[in-house]
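Subject: Structure handover

Hello,

Here is the structure we talked about passing on. My notes on it follow below.

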Amino acid sequence: MIRVGILGATGYTARELVRILLRHPEVEIRVLTSRQEGRPPISAVHPQFAGRLELELTPTEPHHVAGQTDCIFSCLPHAASADVIAQLADSDVRIIDFSADYRLDDAATYQEWYGKRHPDPERLGQVAYGLPELFREQIRESKLVANPGCYPTAAILALAPLLKSEWIECHTIVVDAKSGLSGAGRTPKLTTHFVEANESVSPYSVGRHRHMPEMEQILGRIIGHRPSILFTPHLIPMDRGILATVYVRPTVNKSEDEWLDLLQTFYEGEPFVRVVEHLPATKDTLSSNFCDLTVRLVKERLVVFSAIDNLGKGASGAAVQNLNVMFGFPETLAL
Ligand SMILES: NC(=O)c1ccc[n+]([C@@H]2O[C@H](COP(=O)([O-])OP(=O)(O)OC[C@H]3O[C@@H](n4cnc5c(N)ncnc54)[C@H](OP(=O)(O)O)[C@@H]3O)[C@@H](O)[C@H]2O)c1
């Protein structure tokens with residue numbers, strides 16, 4: 001039995017993680033942390049766990065958590081997460097970090113996009129990126145895994161086979177994506193206020209969203225040079241789900257069936273990537289760890305559609321998939 005701890009247990013990703021782990025036969029949740037005072041029970045912040053998980057929220061004391069666990073999931077915001085993880089460098093505990101802190105290759109890019117000095121710069125560029133479909137062997141061996149961002153998961157899974165094939169231009173890629181509001185976390189903000197978000201779809205962070213360099217760097221690791229991606233995210237009034245529509249220019253003359261074949265061959269045997277013929281919708285992947293992909297050829301452009309649940313394959317489902325890879329369990333266990 002693997003003993004796990006969850007840091008930042010009051011948030012949305014942690015809630016989804018607990019929900020999945022409660023049905024994992026090889027995992028026991030031992031520690032849940034929060035800055036909340038008075039050690040409330042988890043059911044006080046996530047009432048759906050009443051009668052199912054009797055644990056109090058405790059302060060985030062890294063060595064105390066590591067002493068009681070084999071694996072820590074950090075569901076903390078960026079910077080706060082690396083502050084804690086840096087303190088566990090000498091510990092044997094394995095860590096899956098939900099934040100962006102260890103996803104990028106270098107501290108300069110982190111500082112440019114996150115506006116902060118990285119708290120643990122030495123490890124950047126050496127941490128496995130938690131997409132088993134692309135980095136399974138590195139994840140298996142890793143003590144620390146950087147769980148991917150939600151938008152990058154949808155975009156990278158769509159683009160990796162195309163870029164690897166060298167059948168598309170790598171400097172004219174457009175990723176247009178829509179996300180449900182849980183992608184912004186549980187802490188209330190003006191943009192996620194019901195009155196602002198309901199009955200409205202709005203673009204945000206145009207040209208400056210932090211997931212853009214993540215997509216470029218991770219795809220660059222796969223093909224050996226950095227593609228250029230124009231990424232525009234939108235908030236839409238639903239709880240969860242991401243639909244990414246990816247526009248690329250082919251460099252070869254292939255039929256729609258051949259493009260579909262390329263994706264099918266690339267993801268053959270992958271339990272969580274479904275290459276489908278119909279146009280995917282976020283609802284098809286709701287509360288699951290699936291990523292649904294398909295293609296359409298329109299006016300000499302290839303359009304790829306990628307649907308995930310941001311809290312599933314985009315966060316907590318992926319984290320459990322990574323745990324399964326790291327500890328040698330069947331990859332689909334609990335998922
Ligand atoms: N939401 C998504 O779809 C998604 C997808 C992929 C990755 N992520 C990443 O996963 C992490 C968690 O996201 P989330 O959506 O679960 O966020 P969230 O709902 O806002 O929860 C984050 C939790 O961390 C704790 N926290 C907040 N600020 C903190 C600080 N400065 N120091 C220590 N603890 C702090 C809070 O708990 P207390 O106030 O109780 O201490 C909060 O409940 C983030 O790094 C996010 O970028 C999110």
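A word on residue classes before the ligand site: Ala, Val, Leu, Ile, Met, Phe, Trp, Tyr, Cys and Pro count as nonpolar, Asp, Glu, Lys and Arg as charged, and the others, Gly among them, as polar. On that basis, the shell around the ligand holds 10 nonpolar, 15 polar and two charged residues.

This is a predicted model, in which local features need pLDDT of at least 70 and side-chain atom pairs count only at pLDDT 80 or more, while totals for chains, interfaces and linings use all residues. Numbering starts from 1 along each chain as its sequence is written.

Ligand site. The shell has 27 residues (C-beta atom, placed from the backbone, within 6 Å of the ligand), and the closest are G8, G11, R35, G185 and R186. Two or more residues each come from helix 1 (12-21) and helix 11 (312-326); helices are DSSP runs of H or I of at least four residues and strands are runs of E of at least two, numbered from the N terminus. Helix 1 provides the largest share, three residues. Domain 1 (2-126) and domain 2 (150-310) each supply at least three residues to the shell; these bounds come from an automatic or database domain assignment.

Overall fold. The protein chain has 11 helices and 14 strands. Its radius of gyration, taken over C-alpha atoms, is 19 Å, close to the 20 Å from the globule rule (2.2 Å times the number of residues to the power 0.38) for 335 residues, so the chain is as compact as a globular protein of that length. Of the 335 residues, 48% are buried, meaning that 20 or more other C-beta atoms, placed from the backbone, lie within 10 Å of the residue's own.

Core. The largest nonpolar core (buried Ala, Val, Leu, Ile, Met, Phe, Trp, Tyr and Cys residues joined through C-beta atoms within 7 Å) has 94 residues. I6, A154, A155, L159 and A244 have the most contacts inside this core. Helix 7 (residues 150-165) gives the most to the core, with 11 residues. Both domain 1 and domain 2 give residues to the core, so it lies between them. Beyond its neighbours within four places in sequence, L159 is in contact (C-beta atoms, placed from the backbone, within 7 Å) with I173, L219 and V246.

Domains. The centres of domain 1 and domain 2, over C-alpha atoms, are 26 Å apart. Nine residues of domain 1 are in contact with seven of domain 2. On the domain 1 side, helix 5 (residues 107-114) gives the most, with three residues.

Regards

Definitions and conventions: Buried ≥ 20, exposed ≤ 12 C-beta atoms within 10 Å, placed from the backbone. Contact = placed C-beta atoms within 7 Å.
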